[in-house]
Amino acid sequence: MKAIIGGTGIDRDSRFYENAVAHVNRYGEVIYSIKDDIVYLPRHRPGHRLPPHRINYRANIAELRSLGVTDVISIYAVGSITKLIAPTRFGLVQDFIDFAFGRENTFYDGDDESVRHVPMIDAFDRDLSAAFLATAAMEGYPIPANVVYVTTNGPRFETPAEIEAFRRIGGDVVGMTLGTEVALLREAGIRNASVAYSINWAAGLDAEGMAFMEGESIMKMVSLVIDLAEKTLRKI
Ligand code: HPA
């Protein structure tokens, strides 16, 4: 089984809510749909009901593990810090920096699972990322594959000084979910490739203030990325 995890903008993509089922595991409730051996998991729940710091990441990833999911393509809305991916563009994440706090962010919590420190040098699966890259190129989208994602806790957006600091330490894009989710996928031993799509310039980089792409264009970009993810998962 394979899975696609989607974020902001996927709420209205029917693949993520048609025939949705709710299931409770030891970490909590998860809502997802399954079609043709692909699990569609909306991380904010259908209708975008959970802010990033309230998402039950452990329940989501534990559910994928118990469904026997081996490969995930996870998709993230971000703000652009550098021009590597400007708003309306998407790219593959190669590394991340995690500033989130106060979240249940590990399966190795010292209770019944033993203490383990999982390496993050290979957080993104090379073969799966290469497969997505090839699919995108074949469909006419030559995308960058070396995006560095900075995870903030949110739900507030950043200050201009924070964004300038993130740029200096090597961040290309900023979002509120990837660091927590990818670390858990890694702990669960599930192969993952992450795609970031930009919907705005990060704080302080746009003379207009914070301007976001409008909903309709976000939806179009998101369904394109989901199509590419499906094609990739079907051929690996
Ligand atoms: N900051 C944090 N998260 C985001 C942004 C942003 O500018 N845009 C989309 N998700």
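Start at the N terminus and walk along the chain: the elements come in the order β-β-β-β-α-β-β-α-β-α-β-α-β-α. That makes 5 helices and 9 strands for the protein. Keep in mind that what you're looking at is a predicted model.

How compact is the protein for 236 residues? Its radius of gyration is 17 Å, and the globule rule gives 18 Å for a chain of 236 residues, so the protein is as compact as a globular protein of that length. If you'd rather think in terms of a box, the C-alpha atoms fill one of roughly 50 × 40 × 30 Å along the principal axes.

Now for what's inside and what's outside. Of the 236 residues, 53% count as buried, meaning under 20% relative accessible area. The protein exposes about 10900 Å², and carbon and sulfur atoms supply 51% of that area. As for how the chain meets itself, take the contacts between residues at least 6 apart in sequence: 81% of them join residues at least 24 apart.

One helix pair gives a good close-up. Helix H1 covers residues 57-66 and helix H4 covers residues 178-187; their axes come within 10 Å and cross at roughly 35°. The crossing in which H1 passes H4 is right-handed. Which residues do the meeting here? On the H1 side they are Tyr57, Arg58 and Ile61, and on the H4 side Thr180, Glu181, Leu184 and Leu185. Sorted by character, the residues of this contact divide into 4 nonpolar, 1 polar and 2 charged.

Definitions and conventions. Residues numbered from 1 in each chain as written. Predicted model: local features only at pLDDT ≥ 70, side-chain atom pairs only at ≥ 80, totals over all residues. Heavy atoms only, no water. Axes fitted to C-alpha atoms, helices over the stretch in contact; angles between N-to-C directions. Helix = DSSP H or I, 4+ residues; strand = E, 2+ residues; numbered from the N terminus. Left-handed = near helix turned anticlockwise from the far one by under 90°. Contact = heavy atoms within 4.5 Å. Nonpolar A, V, L, I, M, F, W, Y, C, P; charged D, E, K, R; others polar. Rg over C-alpha atoms; globule rule 2.2 N^0.38 Å. Buried < 20%, exposed > 50% of the residue type's maximum accessible area, 1.4 Å probe, protein only. Areas by Shrake-Rupley, 256 points an atom, 1.4 Å probe, with all protein chains shown as cover.
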